[in-house]
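Biologist: Could you take a close look at one part of this model with me? I would like to talk through the cysteines.

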Amino acid sequence: MKLFSSFSVLASLISVLPTSHALIGADWSVTKVPLRGLNDITFPLTIVEADHISGYYFAQQFNFFGIADVGYTGLQPRPDNGGKSIVHGVFSSFVAGTTTTDPNCHTGADGGPGVSCAFEWNGEYNRTYDLEVKTSGNRLWVGTAVDTVAGTRIHIGSWTLPAGTGGILGSQVGFVEWYPWNNGEPQNHCAHLPYQKTIFGNPKTTNPGSVGTQHLAYEYGDCLGQVAFSTGKVASGMVNNCGFRGQTGR
Ligand SMILES: *[C@@H]1O[C@H](CO)[C@@H](O)[C@H](O)[C@H]1NC(C)=O
């Protein structure tokens with residue numbers, strides 16, 4: 001799913017996304033962003049608790065100077081393998097004309113133009129990964145997950161935006177989505193939503209003087225008020241949870 005809107009126009013957002021199965025949105029903003037945007041932004045993300053199954057997508061969206069279409073970076077749970085947990089990292093561009101030579105990436109994003117990149121590793125639950133989106137020039141953007149405990153850098157992917165685009169603008173939204181419902185909903189689906197608890201950290205950038213804030217989450221979509229949603233502030237940003245333990249989404 002794609003959100004082009006923000007908290008202030010949430011009503012119109014819902015009306016333009018009638019088939020979206022996203023559950024939760026959450027605005028972020030950064031101060032003192034240069035007119036042509038930031039060269040780097042980092043979104044800390046912690047999957048505090050979720051079943052080790054595919055289905056949830058925890059993501060942050062961002063926009064670039066000079067173009068309306070968004071990029072995403074985020075994490076998805078996966079089934080364990082060999083007794084070890086697996087995390088799926090995503091880094092996507094929905095900008096037409098984006099190119100890539102990165103082996104983790106392919107052309108196209110959610111059936112439209114753009115580039116999608118993904119990489120899976122033995123990621124840990126309840127561990128913060130700093131999802132870094134950074135350019136060193138020439139419109140080449142690199143997505144990296146930094147393990148904040150081990151200090152390791154996990155390359156998710158890289159792509160080049162078309163001419164005329166600049167840096168990352170100062171506000172957009174994150175989201176929580178249960179994506180299997182995009183292919184059809186089981187009966188009484190909201191009651192079957194698995195539990196998740198995530199922390200969306202305050203965004204960070206190396207741009208001098210800029211301060212990032214992750215705002216509280218909000219529910220939207222067709223399960224509004226039916227998935228035991230909760231959100232609050234924590235020292236590092238925003239915590240949210242929804243869903244029910246023992247459910248599989250089916
Ligand atoms: C996550 O980690 C925090 C702090 O290390 C701990 O207090 C909490 O119990 C953990 N939560 C889960 C679900 O493991």
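Is Cys117 buried or exposed, and what can you tell me about the cysteines around that part of the picture?

Modeller: Happy to! Keep in mind that this is a predicted model. Cys117 counts as buried, because its relative accessibility is 2%, below the 20% cut-off for that class. Its sulfur is bonded to that of Cys105, with an S to S distance of 2.2 Å. Cys105 is buried as well, at 13% relative accessibility. The torsion about their S-S bond is about 105 degrees, so this disulfide is right-handed. The link connects distant parts of the chain: Cys105 belongs to strand β6 (residues 105-109) and Cys117 to strand β7 (residues 112-121), with the two positions 12 residues apart in numbering.

A search of the whole structure gives two disulfides, and the other one makes a nice companion. Here Cys190 pairs with Cys223, the sulfur atoms lying 2.0 Å apart. The torsion is -85 degrees, and this link is left-handed. Cys190 sits in the loop between β11 (171-178) and β12 (196-201), while Cys223 sits in the loop between β13 (212-219) and β14 (230-234), so the bond ties together parts 33 residues apart in sequence. Both of these cysteines, Cys190 and Cys223, are buried.

If you number the bonded cysteines in sequence order, the pairing reads 1-2, 3-4. That leaves Cys242, which takes part in no disulfide: the nearest cysteine sulfur belongs to Cys223, 9.1 Å away. Cys242 is nonetheless buried, with a relative accessible area of 0%.

Definitions and conventions:
Residues numbered from 1 in each chain as written. Predicted model: local features only at pLDDT ≥ 70, side-chain atom pairs only at ≥ 80, totals over all residues. Heavy atoms only, no water. Disulfide = S-S within 2.5 Å. Helix = DSSP H or I, 4+ residues; strand = E, 2+ residues; numbered from the N terminus. Buried < 20%, exposed > 50% of the residue type's maximum accessible area, 1.4 Å probe, protein only.
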